[in-house]
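Here are some short exercises on charged side chains, each with a worked solution. Have your viewer ready and try each task before reading on.

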Amino acid sequence: VPIYKSGSRVQILHVGRIRIKFEDNVANGASLFVRFQGTGTKGAIRSDADTANAAALTGAIAFRGANAALGIVEISRRGV
């Protein structure tokens with residue numbers, strides 16, 4: 001499994017699974033959100049919208065996750 005450094009160029013994943021580090025406790029099957037501002041790391045994947053600071057990651061659900069540890073996200077966004 002490749003590990004990318006911050007600022008690296010990566011391929012786009014439209015369908016499949018990817019391992020990431022969650023910002024907070026994410027339950028299996030949960031919808032996911034991406035932080036775009038506020039306290040925390042921009043681009044971090046989290047479990048709630050925190051509407052002023054994060055947006056829905058459409059087509060992605062937590063496959064496994066626990067307590068801000070590495071987890072697996074399933075992407076099912078075809079035709080993008």
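The exercises below deal with salt bridges in this predicted model.

**Exercise 1.** Find out which parts of the chain R17 and E74 tie together.

*Solution.* Start with the contact: the side chains of R17 and E74 form a salt bridge, at 3.0 Å from N to O. That passes the cut-off, which asks for a Lys or Arg side-chain nitrogen within 4 Å of an Asp or Glu carboxyl oxygen. Next, place the partners: R17 belongs to strand β1 (residues 15-21) and E74 to strand β5 (residues 70-76), so the bridge joins parts 57 residues apart in sequence. Finally, check accessibility: R17 is exposed at 51%, while E74 is partly exposed at 26%.

**Exercise 2.** Work out where R46 and E23 lie, and whether R46 is buried or exposed.

*Solution.* First, the distance: R46 and E23 meet in a salt bridge at 2.4 Å, N to O. R46 sits in strand β3 (residues 45-46) and E23 in the loop between β1 and β2 (31-35), so this pair links parts 23 residues apart in sequence. Then compare with the cut-off: buried means under 20% relative accessible area. R46, with 9%, is buried. E23 has 25% and counts as partly exposed.

**Exercise 3.** Follow the salt bridges from D48 and name the network.

*Solution.* Begin at D48, which is partly exposed at 34% relative accessible area. Its side chain meets that of R46 in a salt bridge of 2.9 Å, N to O. The network of salt bridges links E23, R35, R46 and D48. To close, the count for the model comes to four salt bridges.

Key
Residues numbered from 1 in each chain as written. Predicted model: local features only at pLDDT ≥ 70, side-chain atom pairs only at ≥ 80, totals over all residues. Heavy atoms only, no water. Helix = DSSP H or I, 4+ residues; strand = E, 2+ residues; numbered from the N terminus. Buried < 20%, exposed > 50% of the residue type's maximum accessible area, 1.4 Å probe, protein only.
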